[in-house]
Amino acid sequence: MQDSPFLRACRRLPVDHTPVWFMRQAGRSLPEYRRVRADVPMLEACARPDMITEITMQPVRRYDVDAAIFFSDIVVPLKAIGIDLDIKAGVGPVVADPIRDADGVKRLRDIEPGDLPYVTEAVGMLTGELGDKPLIGFAGAPFTLASYLIEGGPSKNHEHTKALMYGEPELWDELMRRLSAITLGFLRTQIDAGASAVQLFDSWVGALSAEDYRASVLPYTSWIFGQLSEYEVPRIHFGVGTGELLGLLSEAGADVVGVDWRVPLDKAVQRVQPGTALQGNLDPATLFAPWEVVAERTRDILSRGRTADGHIFNLGHGVLPETDPDMLQRLTEFVHEETSA
């Protein structure tokens, strides 16, 4: 497995073709996913090893991507420690009792070995099925988890989150320390069970300035990546709208930095730390355009990706729900053909 194109690209080693996988490939646009998930709530699906395994494998079978991404959700570890939340269709995670004071923060305890048995079981099942194809584990980063917990759900402005971060720095520190420990525990559970790489999603951190990121987020993400250094698995860091933060995302300690579609990869190379591989970055909406457009833009990304020390082809964010699966299959084949040595 260590010679897989995905793991070699993460480690900035030569590859015989540019590896491909897609964020949110496990689910959403696949008809077989919708059949499996019919009448099964999201968080229930994330707690059933058989369903996790089937959904994770679906895009691998259909697209022959170079890596699988574990089917779960970033709020699963919060649910596992007793936070009252749900994932509402068309909305996202919704927290019943938002955390905005010291008493609320105290409700956040560390992940314990018995909290996530379904994750351990599912990863074991998947590594058996995947053979020499890598499995990527993942978790939500502390800032994004904090935003959901403080706002009570998705937010455009993150006003409550920023108010706490700016106005109560000691409480913010305690909140982020606890969330960092939870995130680390979730990632360790997946690695210990057999995940070959991990990705830390900081979906909402693009709402911050570089100065605020450095002061209020970087210490915690750096700690997580530092703790993970004891494992010999590549660490990927990704955020949306983070063009101005790419250097800091890289500084946090990841081996690979995911780039959304707003920054060309050859420009991203100049912003990240030397010795950092890049992942990305086709705009997911491009897949609704004619194939000729998709092919042209993909060639451009592959060309710019050659300026990086290592490149993993991906979208600049997750697969959109109405994406045609045939387009993703054609795109995977195209990247493999265009870059085959």
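Which residue just after α8 takes a positive phi? In this predicted model, the residue is Gly-152, with a phi of about 90°. The close-up views below cover helix α8, the surroundings of Glu-151, and the parallel sheet with its edge strand β9.

**View 1. Helix α8 is largely enclosed by the rest of the structure.** The helix spans residues 142-151, and 10 of its 10 residues are buried, so the rest of the structure largely encloses it. The buried set includes the aromatic residues Phe-143 and Tyr-148, the polar residues Thr-144 and Ser-147, and the charged residue Glu-151. Pro-142, Leu-145, Ala-146, Leu-149 and Ile-150 are also buried. Gly-152, with its positive phi, comes just after the helix.

**View 2. Glu-151 of helix α8 is buried without a salt bridge.** The nearest side chain of opposite charge belongs to Arg-100 and is 5.1 Å away. A salt bridge would require a side-chain nitrogen within 4 Å of a carboxyl oxygen. The side chain of Glu-151 instead has backbone nitrogens as polar partners: that of Thr-161 at 2.8 Å and that of Glu-159 at 3.3 Å. Leaving aside residues up to four places away in sequence, Glu-151 touches Arg-100, His-158, Glu-159, His-160 and Thr-161.

**View 3. Seven strands form an open sheet with parallel pairing.** The strand order is β1-β4-β5-β6-β7-β8-β9. Strands β1 (68-69) and β9 (311-315) lie at the edges, each pairing on one side only. Within the sheet, β7 (residues 256-258) runs parallel to β8 (residues 277-282), and three bridges join the two. Val-257 has Leu-278 of β8 as its bridge partner.

**View 4. Strand β8 pairs with the edge strand β9 in the parallel sense.** Five bridges connect β8 and β9. In this pairing, Gln-279 stands opposite Ile-312 of β9. Helix α15 (residues 291-305) completes a right-handed β-α-β unit with β8 and β9.

**View 5. The edge strand β9 is covered on both faces.** His-311, Phe-313 and Leu-315 are buried on one side, and Ile-312 and Asn-314 are buried on the other. Five of the five residues of β9 are buried, so this strand is largely enclosed by the rest of the structure, although β9 pairs on one side only.

How values were computed
Residues are numbered from 1 along each chain as its sequence is written. This is a predicted model: local features need pLDDT of at least 70, side-chain atom pairs count only at pLDDT 80 or more; totals for chains, interfaces and linings use all residues. Side-chain values use heavy atoms; hydrogens and water are left out. Two strands pair if DSSP finds at least two bridges between them. Helices (H or I, at least four residues) and strands (E, at least two) are DSSP runs, numbered from the N terminus. Buried means under 20% relative accessible area, exposed over 50%, partly exposed in between (1.4 Å probe, protein chains only). Lys and Arg count as positive and Asp and Glu as negative; His and the chain ends are not counted. A polar contact is a pair of N or O atoms within 3.5 Å; within protein, one must be able to donate a hydrogen and the other to accept it, and residues adjacent in sequence count only if both atoms are side-chain atoms. Contact means heavy atoms within 4.5 Å. A crossover is right-handed if, with the strands pointing away from the viewer, the path from the first strand over the helix to the second runs clockwise.
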